[in-house]
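Reader: I am new to this structure and would like a close look at one part, the nonpolar core. Please also set that part against its surroundings.

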Amino acid sequence: MYDLIIIGGGPAGIAAAVYAARKRLRAVLITEEIGGQSSVSEGIENWIGSPKISGADLAKAFKAHLEAVKGHVVALELGERVVSLQKTAEGFAAETKKGKAFTAKAVLIASGAGRRKLDVPGAQLFENKGVTYCASCDGPLFGGMDVAVVGGGNAGFETALQLLAYAKSVTLIHRHQEFKADPVTVEKASAHPNMRIIRHAEPTEVVGEQFVTGLKYKDKDSGEIKEIPVSGVFVEAGVIPNTGFVEGLVELDAVKRIKADPRNQRTSVEGIWAAGDATDELYHQNNIAAGDGVKALEDIYLWIKKR
Ligand SMILES: Cc1cc2nc3c(=O)[nH]c(=O)nc-3n(C[C@H](O)[C@H](O)[C@H](O)COP(=O)(O)OP(=O)(O)OC[C@H]3O[C@@H](n4cnc5c(N)ncnc54)[C@H](O)[C@@H]3O)c2cc1C
């Protein structure tokens with residue numbers, strides 16, 4: 001039995017694993033990959049200590065840091081996904097998709113979040129054939145083309161601003177009249193001559209042949225279905241927490257994020273902590289996720305030592 005199971009290898013999970021190693025807590029880190037969501041980013045400019053670092057290099061640095069400190073104290077189960085977590089008489093038992101079982105006195109959930117998919121006909125069919133969820137990865141492929149962005153939050157407008165650097169035109173479709181994005185970002189994008197904004201509209205279908213050729217949407221004022229000719233559809237429709245495996249075990253909020261005490265990252269279940277984007281933390285950023293992981297580890301250490 002381990003002292004601790006850490007689920008997830010993003011900034012929250014890696015920070016926790018580094019602290020676990022330094023505190024000599026016998027831990028296992030179970031994760032599909034190391035790096036987390038921003039691994040795909042071209043340039044991260046707010047990771048404290050690095051004015052600019054690519055997501056790939058940040059992931060490499062996470063791995064190198066973990067390898068340097070983990071010794072025999074922290075075991076690494078890479079390429080694995082926890083599919084169930086149960087409370088047992090002695091602690092907790094986790095099962096992975098490859099059928100491995102792990103037990104521990106405590107668990108830290110740092111499984112982060114994934115992108116909300118566009119749920120209209122054609123969206124899945126044309127994924128990676130024009131429909132994409134990562135502007136920084138795929139944006140340059142659409143140089144000189146007309147593209148659409150779905151979503152009127154900060155992520156949608158930031159994606160639009162990024163795409164305006166190479167696309168012929170960017171049309172942003174937003175389902176409401178008011179934007180959730182910061183006014184300064186909206187103003188900056190709106191001022192660009194190649195930017196078009198369609199408010200109060202709902203995408204209804206991605207159309208194409210081999211690749212995307214257009215996006216159909218419903219004008220919510222007139223009820224009319226319209227189509228814009230585009231080669232790319234960039235979806236920025238929010239994120240979904242990776243918490244399916246703890247539903248019914250720990251308390252979740254209305255959008256399935258784990259409720260965690262911001263002072264120490266404790267969840268509703270004694271012995272389970274949660275950190276980063278999988279939680280109801282108000283702000284989702286790399287530095288915050290790493291800080292949550294550290295906070296959790298400090299608390300887990302004291303909790304284990306008192307048992
Ligand atoms: C494209 C993009 C760019 C971004 N750029 C920035 C930026 O510039 N600056 C910034 O501060 N933030 C940025 N963010 C946000 C930042 O990436 C997140 O806030 C941060 O990654 C959250 O860290 P986390 O450790 O909580 O979760 P994640 O990074 O989501 O990591 C979760 C980890 O858990 C693993 N996992 C998931 N489910 C399971 C499971 N069931 N079992 C085992 N492992 C599992 C995943 O494989 C992953 O390793 C960006 C996000 C995206 C999507």
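Author: What follows goes through the core, then the domains, the ligand shell, the strands and a few loop residues.

The model is a predicted one; local features are used at pLDDT of at least 70 and side-chain atom pairs at pLDDT 80 or more, while totals for chains, interfaces and linings use all residues. Residue numbers start from 1 along each chain as its sequence is written.

The largest nonpolar core (buried Ala, Val, Leu, Ile, Met, Phe, Trp, Tyr and Cys residues joined through C-beta atoms within 7 Å) holds 53 residues. L4, I5, I6, A16, A17, A20 and L108 have the most contacts inside this core. Helix α1, residues 11-22, gives the core its largest share, nine residues. Helices and strands here are DSSP runs (H or I of at least four residues, E of at least two) numbered from the N terminus.

One of the residues with the most contacts in the core is L108. With neighbours within four places in sequence left aside, L108 is in contact (C-beta atoms, placed from the backbone, within 7 Å) with L4, I6, I7, A16, W273, A275, A296 and I300. There is also a second, separate core, of 31 residues, and Y133, L163, F234 and V235 are among them.

The chain is divided into two domains, with bounds from an automatic or database assignment. Domain 1 takes in 2-115 + 239-306, and domain 2 is 131-235. Their centres, taken over C-alpha atoms, are 33 Å apart. Four residues of domain 1 touch four of domain 2. On the domain 1 side, the touching residues are one nonpolar, one polar and two charged. Nonpolar here means Ala, Val, Leu, Ile, Met, Phe, Trp, Tyr, Cys or Pro, charged means Asp, Glu, Lys or Arg, and the others, Gly among them, are polar.

Helix α1 comes up again around the ligand: α1, β2 and α6 (286-306) are the elements that give two or more residues to the shell. A residue belongs to this shell if its C-beta atom, placed from the backbone, lies within 6 Å of the molecule. The shell has 36 residues, and the closest are G8, G10, G36, G112 and G276. By class, 13 are nonpolar, 19 polar and four charged.

L108 falls within strand β6, residues 101-109. Strands are said to pair if DSSP finds at least two bridges between them. β6 runs antiparallel to β5, with four bridges joining them, and one bridge links A94 to F102 in β6. The hairpin of β5 and β6 has four residues between the strands, and G99 in its turn has a positive phi of about 85 degrees. On to β4: β4 (82-87) and β5 (92-96) pair antiparallel over five bridges, with V82 opposite T96. Four residues lie between β4 and β5 in their hairpin.

Another sheet is open, with five strands in the order β8-β15-β9-β10-β11 and parallel pairing. Its edge strands are β8 (131-132) and β11 (195-198), each pairing on one side only. β10 (169-173) and β11 pair over four parallel bridges, and V170 has M195 in β11 as its bridge partner.

Last come residues in loops. L249 is in the loop between β16 (239-241) and β17 (272-274). L249 counts as buried because 20 other C-beta atoms lie within 10 Å; the cut-offs are 20 or more for buried, 12 or fewer for exposed and in between for partly exposed, with C-beta atoms placed from the backbone. Apart from neighbours within four places in sequence, L249 is in contact with L85 and V269. From L249 to S136, 113 residues away along the chain, the C-alpha separation is 36 Å.

K256 lies in the loop between β16 and β17. K256 is partly exposed, since its C-beta neighbours inside 10 Å number 16. Its phi is positive, near 65 degrees, though K256 is not glycine. R24, in the loop between α1 and β2, also has a positive phi, about 55 degrees, without being a glycine. Most residues other than glycine have a negative phi. R24 is exposed because it has 12 C-beta neighbours inside 10 Å. P51, between β2 (27-31) and α2 (55-70), counts as exposed because it has 10 such neighbours.

Technical notes: Two residues are in contact if their C-beta atoms, placed from the backbone, lie within 7 Å.
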